[in-house]
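Q: I am new to this structure and would like a close look at one part of it. Please choose a single place, describe it with care, and then connect it to what lies around it.

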Amino acid sequence: MITSYRKQRSLSRPVETRGVGFLTGADVVIKFLPANDNHGIAFQRMDLAGTAPVPARLEYTVPRERRTAISHQGATIEMTEHVMAALAGLQIDNCLVQINAPEPPGGDGSSQLFVDSLLKADAVEQSAPRPCLTVGRPLHVAAEDALSEVSCRPLSYRSLAIGYHLDYGSRSPIRPQSLVVQITPETFLAEICFARTFILESEAAALKAQGYGKRTTAKDLLIFGPKGPIDNTLRASDECVRHKILDCLGDFALIGCDLHGYFDAFRSGHRLNRDLVKKLQLTHAATEGISTRAGAVA
Ligand SMILES: [Zn+2]
């Protein structure tokens with residue numbers, strides 16, 4: 001069911017920040033510009049002259065390992081998820097995000113860099129209502145190997161709650177951890193936005209061998225060796241699961257509206273997160289179609 005419980009919001013003025021891209025090592029300036037009602041979130045590659053903004057929507061996502069990317073008419077933006085989480089967490093619905101590289105700056109691997117920049121402007125309420133999709137019945141998607149899954153179900157109150165359960169087995173240096181957070185701008189700022197990307201030492205070495213992350217070190221994000229984070233300390237004992245909830249929020253936001261319901265993930269990654277909201281979108285469209293026909297008959 002789609003209804004609305006608040007007005008759309010944008011920024012009072014443009015803001016920007018800068019940093020180094022994790023994948024390409026590019027120096028990146030990222031600008032957040034106010035946008036009109038119903039614009040949504042879109043990313044524009046300013047280094048590719050004349051290319052149009054790419055809407056940050058499910059329809060524009062392209063397959064990637066361990067990250068989310070969007071693409072349209074020759075312009076591709078890699079690693080949108082931490083920017084999307086910052087915007088969704090702060091309830092900024094309409095914004096044009098301009099970057100001069102294939103990816104946003106990596107910052108510290110969390111959403112903190114983007115949140116700090118966005119908070120330099122005020123969030124301003126606009127005229128149009130913000131659509132909200134309320135989960136009407138349970139839905140579930142799982143990986144082919146059944147090792148990861150994500151589901152959603154109705155909640156008895158109007159809210160988005162995300163639960164994540166992380167368990168990589170007893171040999172992993174990352175211990176099992178679970179958390180449920182009811183997402184509001186306040187809880188996002190206090191509990192989620194600071195949580196950094198994490199990766200195993202072996203995975204980081206494999207990425208470097210492929211030419212990625214040449215300027216990224218263990219101080220820039222969480223790289224786990226056998227005894228825990230290398231050259232770094234955790235910001236919370238369960239920082240990893242908090243980051244997974246951040247990723248879920250950023251991926252779910254690609255549906256382009258608010259969500260009300262309980263989302264529950266076990267070891268899921270970006271692809272599965274997107275698959276669930278795609279299924280939710282399709283199920284909703286089908287339900288609306290049925291109710292429209294029923295209305296016509298009545
Ligand atoms: Zn992430």
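A: What follows starts at the metal site and moves outward from there. The model is a predicted one, and every value below was computed from it.

The zinc ion is coordinated at 2.0 to 2.6 Å by the NE2 atoms of His-82 and His-243, together with Asp-247, which is listed twice through OD. Along the sequence, these donor residues follow the spacing H-x160-H-x3-D. The angles subtended by the four donor atoms around the zinc ion run from 54 to 150°, and the arrangement is therefore irregular; to count as tetrahedral, all angles would have to lie between 85 and 135 degrees.

Two of the donor residues, His-243 and Asp-247, belong to helix 5, where they sit four residues apart, or about one turn of the helix. Both His-243 and Asp-247 are buried.

Helix 5 also leads from the metal site into the interior, for this helix, residues 239-252, is involved in the largest nonpolar core. That core has 67 residues, and the members that touch the most others are Phe-32 and Phe-263; helix 5 gives the most to this core, with seven residues. As a general background, nonpolar side chains in soluble globular proteins tend to be buried together. Once neighbours within four places in sequence are set aside, the contacts of Phe-263 include Val-135, Leu-160, Ile-162, Phe-252, Leu-276 and Leu-280, and also Ser-151 and Gly-163. Another core, of eight residues, lies apart from the largest one, and among its members are Phe-22, Leu-23, Ile-199 and Leu-221.

Ile-199 points the way to a sheet. In strand 16, Ile-223 is the bridge partner of Ile-199, and strand 15 runs parallel to strand 16 (residues 222-225), the two being joined by three bridges. The open sheet to which they belong has three strands in the order 15-16-17, with mixed pairing. Strand 15 (198-200) and strand 17 (228-229) are at the edges with a single partner strand each, so one side of each has no neighbour in the sheet. Across strand 15 and strand 16 lies helix 4 (residues 201-209), which runs at about 90° to strand 15.

A second open sheet of three strands, in the order 6-7-8, is paired in the antiparallel sense. Its edge strands are strand 6 (61-62) and strand 8 (75-77), each of which pairs on one side only. Strand 7 (residues 69-72) is joined to strand 8 over three bridges, and Ile-70 has Ile-77 of strand 8 as its bridge partner.

Strand 4 completes the picture. Five of the five residues of this strand (residues 41-45) are buried, so strand 4 is largely enclosed by the rest of the structure. In a regular strand, side chains alternate between the two faces of the sheet. Here both faces are covered, with Ile-41, Phe-43 and Arg-45 buried on one side and Ala-42 and Gln-44 buried on the other. Strand 4 runs parallel to strand 9 (residues 95-99), to which it is joined by five bridges, and Gln-98 in strand 9 is the bridge partner of Gln-44. With strand 5 (residues 54-55), strand 4 runs antiparallel and shares two bridges, and there Ala-42 stands opposite Pro-55.

How values were computed. Residues numbered from 1 in each chain as written. Predicted model: local features only at pLDDT ≥ 70, side-chain atom pairs only at ≥ 80, totals over all residues. Heavy atoms only, no water. Buried < 20%, exposed > 50% of the residue type's maximum accessible area, 1.4 Å probe, protein only. Pairing = 2+ DSSP bridges. Core = buried A, V, L, I, M, F, W, Y, C linked by side-chain atoms within 4.5 Å. Contact = heavy atoms within 4.5 Å. Donors = N, O, S within 2.8 Å, 3.2 Å for Na, K, Ca; no water. Tetrahedral: all angles 85-135°; square planar, octahedral: opposite > 155°, others 65-115°. Axes fitted to C-alpha atoms, helices over the stretch in contact; angles between N-to-C directions.
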